[in-house]
Amino acid sequence: MNSPSHHAYNFNAGPAAIPLPVLEKAQNEFINFQESGMSVMELSHRSDLYETIHNNAIQRLKTLYNIPDNYTILFLQGGASTQFATIPMNFLPADKKAGYVLTGSWAEKALKETAPFGEAYELASSKEDTYSYIPELPAFEQFQNDAYVHLTSNNTIFGTQWQTFPETKNVPLIADMSSDIMSRTIDVSNFDFIYAGAQKNLGPSGVTTVIVKNDLLENNNTNIPTMFDYRTHADKNSLFNTPPTFSIYILGEVLNWIEDEGGLDAIAARNEQKAQLIYDTIDHSKGFYKGHAASESRSLMNITFNLPSKALEQAFLTEAKDNGFVGLNGHRSIGGCRASCYNAVPVDTCIALRDFMKSFQDKHS
Ligand SMILES: *Cc1c(COP(=O)(O)O)cnc(C)c1O
């Protein structure tokens with residue numbers, strides 16, 4: 001599956017694997033994009049050629065996610081981390097609170113960034129259990145007057161993922177989907193605002209995708225710097241200033257690849273299969289490998305596990321590296337091991353990891 005020159009078993013958490021056919025296509029047209037005599041990077045963002053790339057990417061997102069017409073898609077910069085601040089800046093008014101579901105480090109960071117703009121609080125949390133599961137929301141009455149509810153659909157560092165999303169009725173639901181966007185079908189109409197840095201499931205770093213319900217923009221706070229006001233970008237189709245054109249081009253090609261692979265249902269089925277290979281290995285290891293996430297909250301994207309000792313973990317990571325595996329170390333904040341199995345990670349790569357895990361266990365137990 002992997003060409004000889006692109007052979008790493010890439011389990012990086014982000015930036016992460018990009019589909020090989022996308023890289024090959026980009027390479028083929030790198031110097032002379034569609035007979036323009038220029039690279040995509042050299043096109044004016046006001047040219048017809050670039051606008052077609054831009055609008056095609058938007059259209060593919062709409063089609064793949066079945067996004068209703070009363071939503072706007074934005075391509076922004078500054079990563080998901082910038083959204084942590086611009087969300088409360090735009091959507092948290094002085095007379096309301098925002099409820100944050102704490103399921104990991106990214107959610108904590110998002111909550112922290114509300115401080116300069118207004119009042120926000122912890123609506124639910126699994127922190128006391130080292131974020132090993134997805135907590136339940138309290139009764140609706142407790143948050144019915146909130147400006148919005150914020151959650152993180154997949155917890156990249158701890159390896160948990162929402163299996164079904166909560167019903168928040170008239171309270172806008174905002175989701176950071178950075179690490180599982182386009183990994184499965186979702187009902188976009190359950191959400192009012194979805195955001196994701198592209199570098200896990202959508203392509204290269206440098207572009208952040210936002211899917212926002214138009215109603216929410218109408219209730220936007222005022223007196224916001226132009227570039228931080230979502231309406232600026234919504235009104236100009238994300239062409240108010242220079243967008244990250246090359247990142248958007250690759251993102252569009254990644255979406256094209258998803259279509260070629262059979263769409264989101266096919267991608268989701270493959271993601272299940274890949275994750276199952278690794279979780280089965282963990283579950284049948286008689287405790288040699290210990291998964292961090294509670295089984296009902298397990299992520300299909302980031303599989304986190306520990307070995308019986310720190311020394312064995314170190315040996316595992318070193319041997320894995322010698323065998324061509326990349327990115328299996330856990331996040332620097334929690335250690336352990338993590339296999340990130342995003343869309344572009346081939347099944348064969350997960351089979352290789354399963355085989356390696358089995359042989360490592362045989363050798364060391
Ligand atoms: C990676 C990640 C982020 C941070 O994204 P940046 O684009 O680096 O700012 C935020 N949230 C989640 C869930 C992530 O996985």
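The legends below describe close-up views of a predicted model.

**View A. Helix 1 and helix 7 cross in a right-handed manner.**
Helix 7 covers residues 245-260, and its axis and that of helix 1 come within 9 Å of each other, with a crossing angle of roughly 135°. At that angle the two helices are therefore classed as oblique to each other, and the handedness with which helix 1 passes helix 7 is right-handed.

**View B. Helix 2 and helix 7 cross in a left-handed manner.**
The axes of helix 2 and helix 7 also come within 9 Å, and here the angle between them is roughly 40°. Helix 2 and helix 7 are therefore oblique to each other, and helix 2 passes helix 7 in a left-handed crossing.

**View C. A nonpolar surface patch includes Phe30.**
Phe30, Ile31 and Met41 together make a nonpolar patch of about 320 Å² on the surface. Phe30 itself is placed in the loop that runs between helix 1 (20-28) and helix 2 (48-65). The relative accessibility of Phe30 is 36%, so this residue counts as partly exposed.

**View D. A salt bridge joins Lys127 and Glu108.**
The structure holds 10 salt bridges, and one of them pairs the side chains of Lys127 and Glu108, with an N to O distance of 3.2 Å. Lys127 belongs to the loop between strand 4 (119-125) and strand 5 (148-152), whereas Glu108 belongs to helix 4 (residues 105-112), so this pair ties together parts that lie 19 residues apart in sequence. Both partners retain some accessibility: Lys127 is partly exposed at 47% relative accessibility, and Glu108 is likewise partly exposed, at 28%.

**View E. A salt bridge joins Asp229 and Arg231.**
The side chains of Asp229 and Arg231 meet with an N to O distance of 2.9 Å. Asp229 has a relative accessible area of 9% and is therefore buried, the cut-off for that class being under 20%. Arg231, with a relative accessibility of 24%, counts as partly exposed.

**View F. A salt bridge joins Arg270 and Glu261, and a network is formed by other residues.**
The side chains of Arg270 and Glu261 form a salt bridge with an N to O distance of 2.4 Å. Glu261 has a relative accessible area of 30%, and so is classed as partly exposed. Lys25, Glu29 and Glu253 are joined into one network by salt bridges that share partners. As a general matter, side chains of opposite charge can pair when their charged atoms come close.

**View G. His150 is a buried residue of strand 5.**
His150 is found in strand 5, where its relative accessibility of 1% means that this residue counts as buried. Leu173 is separated from His150 by 23 residues in sequence, while the distance in space between their C-alpha atoms is 6.1 Å.

**View H. Leu307 is a buried residue of a loop.**
The loop that contains Leu307 connects strand 12 (302-306) with helix 9 (310-322). Leu307 has a relative accessibility of 8% and therefore counts as buried. Gly291 is 16 residues from Leu307 along the chain, and the C-alpha atoms of Leu307 and Gly291 are separated by 9.1 Å.

Conventions: Residues are numbered from 1 along each chain as its sequence is written. This is a predicted model: local features need pLDDT of at least 70, side-chain atom pairs count only at pLDDT 80 or more; totals for chains, interfaces and linings use all residues. Side-chain values use heavy atoms; hydrogens and water are left out. Patches are made of residues with over 30% relative accessible area and no salt bridge: like charges are joined within 9 Å, nonpolar side chains (Val, Leu, Ile, Met, Phe, Trp, Tyr) within 5 Å. Accessible areas come from the Shrake-Rupley method with a 1.4 Å probe; for residues, only the protein chains shown count as cover. A salt bridge is a side-chain nitrogen of Lys or Arg within 4 Å of a carboxyl oxygen of Asp or Glu. Helices (H or I, at least four residues) and strands (E, at least two) are DSSP runs, numbered from the N terminus. Buried means under 20% relative accessible area, exposed over 50%, partly exposed in between (1.4 Å probe, protein chains only). Axes are lines fitted to C-alpha atoms, for helices over the stretch in contact, and angles run from 0 to 180 degrees between N-to-C directions. Angles under 35 degrees count as roughly parallel, over 145 as roughly antiparallel, 65 to 115 as roughly perpendicular and the rest as oblique. A crossing is left-handed if the near helix is turned anticlockwise from the far one by less than a right angle, and right-handed if clockwise.
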